[in-house]
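Here are my notes for your first reading of this structure, set out as numbered points. Please keep the picture beside the text and find each element as it is named.

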Amino acid sequence: LCASVQVFDPFKNRLQLDLNKVNVVLVAAGLNPTSRHFINKAFLDECAAGVTLVNAARGPIVKTDDLLSHLEQDRKACAFLDVFETEPYDFSLFSHHSNLHTTSHIAGVFTDLEEKMLNFEAQVIQDFLAMGDQFTQNYQQQILQHKCHRGFLI
């Protein structure tokens, strides 16, 4: 479902990333002195416009202030955070960013998910099933604009 994958892993001597060609950054790293604030202004400035960042690894890997500034400047970019630089995190920091989506870190066990997220997902699935080809047109400006592939919602 993707044209190419890049991996940055200093422990396996994979040190090159061509960030201006990256559409999705999936953080899968432990927290150590070299990874703290690895996702910062310099990193985000090199990424392609409209980049999607997903961090479910460790919160301090992402420098929050730099991410928030980036999301304000690039309204097509978006982020999904499951962990936060400072926990417990302050919801008010993120509430005015429509391109930032948060959930509490579930670590494989959870009893409750944010109702807003569930309602959004339910609506998107209902629209996808009901609208057919019209779905892509209706969600053209949404974060789901490139998530349909051969009739599947990915």
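1. I begin with helix α2, in which T64, D66, L67, L68, H70 and L71 are buried. The cover over these buried residues of α2 comes from several elements, including α1, β2, β3, α3 and β4. Please bear in mind throughout that this is a predicted model, and that every value in these notes is computed from it.

2. For orientation, the protein has five helices and six strands, and, read from the N terminus on, the order of its elements is β-α-β-α-β-α-β-α-α-β-β. It may help to write this order down before tracing the chain on the picture.

3. Which strand does β1 pair with, and in which sense? Strand β1, residues 24-27, is joined to β2 by four bridges, and the two strands run parallel; within this pairing, V24 has T52 of β2 as its bridge partner. Between these two strands the chain passes through helix α1, residues 41-46, and the resulting β-α-β crossover is right-handed.

4. The next pairing takes up β2 again: this strand, residues 52-55, pairs with β3, residues 78-81, in the parallel sense and over four bridges. T52, already met as the partner of V24, stands opposite C78 in β3, while N55 has L81 of β3 as its bridge partner. Helix α2, residues 64-73, belongs with these two strands, since β2, α2 and β3 make a right-handed β-α-β unit.

5. On from β3, there is a pairing with strand β4, residues 100-102, which is again in the parallel sense and is made over three bridges. Here L81 has T102 as its bridge partner in β4, so that L81, which is also the partner of N55, can be followed from one pairing into the next.

6. How many aromatic pairs does the structure hold? There are two, and one of them is formed by F38 and F43, whose rings lie 5.5 Å apart, centre to centre, with 55° between the planes, an arrangement that counts as tilted. Are its two members buried or exposed, or something in between? F38 is partly exposed because its relative accessible area is 30%, which lies between the cut-offs of 20% and 50%; F43 counts as buried because its relative accessibility is 10%, and the cut-off for buried is under 20%.

7. The other aromatic pair, F84 with F94, is tilted as well, at 5.7 Å centre to centre and with 35° between the planes. This pair links distant parts of the chain, since F84 sits in the loop between β3 and α3 while F94 lies in helix α3 itself, ten residues apart. Both F84 and F94 are buried.

8. Finally, some totals for the whole protein deserve a place beside these local details. Of its 154 residues, 30% count as buried, and the protein exposes about 10,600 Å², of which carbon and sulfur atoms supply 54%. Among the contacts between residues at least 6 apart in sequence, 55% join residues at least 24 apart.

How values were computed: Residues are numbered from 1 along each chain as its sequence is written. This is a predicted model: local features need pLDDT of at least 70, side-chain atom pairs count only at pLDDT 80 or more; totals for chains, interfaces and linings use all residues. Side-chain values use heavy atoms; hydrogens and water are left out. Two strands pair if DSSP finds at least two bridges between them. A crossover is right-handed if, with the strands pointing away from the viewer, the path from the first strand over the helix to the second runs clockwise. Rings of Phe, Tyr and Trp (its six-membered ring) pair if their centres lie within 6.5 Å; planes under 30 degrees apart count as stacked, over 60 as edge-to-face and the rest as tilted. Buried means under 20% relative accessible area, exposed over 50%, partly exposed in between (1.4 Å probe, protein chains only). Contact means heavy atoms within 4.5 Å. Accessible areas come from the Shrake-Rupley method with a 1.4 Å probe; for residues, only the protein chains shown count as cover.
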